[in-house]
Amino acid sequence: MNSETSTDKRKFQRIFYNAQAELSNGESTWKCQIRDLSLKGCLLNFCEAWQGEIDGLYTLSFDLSNDISITMSVLVSHVIGDNAGFKCEHIDIESITALRRLVELNLGNSELLERDLASLAEYSKPDA
């Protein structure tokens, strides 16, 4: 049994990505720092322990460049102190295209990206 497989059960490869972002819920906005990203979620760091609602839907926004930004709807998956993990619930086509390219460039392995895309397609299928 491969030790990597047994210790990390994530279906999506995460890339380390350090960028400023904003998380909002329509009432409040928090400045945060992205620590890592995948096609299906992210880990964010806040200046202090995160106090938002655990079951709320949030919008995460960040810029890749002056011309390219990514926006996604996210739900909290876990909170540990000033770090919070979020699961992507919805992302528009322009944002997923930019995110896919970012992940592809950072993974440096097209097979891992294709596996992630296949998992994303399977993960997004409605229950039969």
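Trainee: Which side chains of strand 1 point to one face and are buried, and which point to the other?

Mentor: Start with the terms. Strands (E, at least two residues) and helices (H or I, at least four) are DSSP runs numbered from the N terminus, and buried means under 20% relative accessible area, exposed over 50%, partly exposed in between, with a 1.4 Å probe on protein chains only. Here the side chains of strand 1 alternate: I15, Y17, A19, A21 and L23 share one face and are buried, while F16, N18, Q20, E22 and S24 point to the other face and are not buried. Keep in mind that this is a predicted model, where local features need pLDDT of at least 70, side-chain atom pairs count only at pLDDT 80 or more, and totals for chains, interfaces and linings use all residues. Residues are numbered from 1 along each chain as its sequence is written, and side-chain values use heavy atoms, with hydrogens and water left out.

Trainee: Thanks! Which strands does strand 1 pair with, and over how many bridges?

Mentor: In general, strands of a sheet pair through backbone hydrogen bonds, either parallel or antiparallel. Two strands count as paired if DSSP finds at least two bridges between them. Strand 1 (residues 15-24) is joined to strand 2 by eight antiparallel bridges, with A19 partnered by I34 of strand 2. Three bridges link strand 1 to strand 4 (residues 57-63), again antiparallel; there, S24 has T59 as its bridge partner.

Trainee: What lies in the turn between strand 1 and strand 2?

Mentor: The two form a hairpin with four residues between them, and G26 in that turn has a positive phi of about 95°.

Trainee: How do I follow the sheet onward from strand 2?

Mentor: Go strand by strand. Strand 2 and strand 3 are joined by five antiparallel bridges and make a hairpin with two residues between them. L37 faces C42 in strand 3, and C42 also stands opposite F86 in strand 6. Strand 3 is largely enclosed by the rest of the structure, because four of its five residues (41-45) are buried. Put together, the six strands run 1-2-3-6-5-4 as a closed barrel with antiparallel pairing. Neighbouring strands are turned by 45° against each other on average, direction ignored; axes are lines fitted to C-alpha atoms, for helices over the stretch in contact, and angles run from 0 to 180 degrees between N-to-C directions.

Trainee: Which strands does helix 2 touch?

Mentor: Contact means heavy atoms within 4.5 Å. Helix 2 (residues 93-107) packs on the sheet and touches strand 1, strand 2, strand 5 and strand 6, its direction making about 70° with that of strand 5.

Trainee: And where do the buried residues of helix 2 sit around the axis?

Mentor: As a general idea, an α-helix has 3.6 residues a turn, so residues three or four places apart point the same way. In helix 2, the buried residues are S95, I96, A98, L99, L102, V103 and L107. They cover an arc of only 160° around the axis, taken from the directions from the axis to the C-beta atoms, which puts them on the same side of helix 2. On the other side, I93, E94 and L105 are exposed.

Trainee: Where is confidence lowest, and where is it highest?

Mentor: pLDDT is the predictor's confidence in each residue, from 0 to 100. Its mean is lowest in helix 1 (residues 3-7), at 39, and highest in strand 4, at 97. For the protein chain the mean is 81, with 74% of residues reaching 70 or more.
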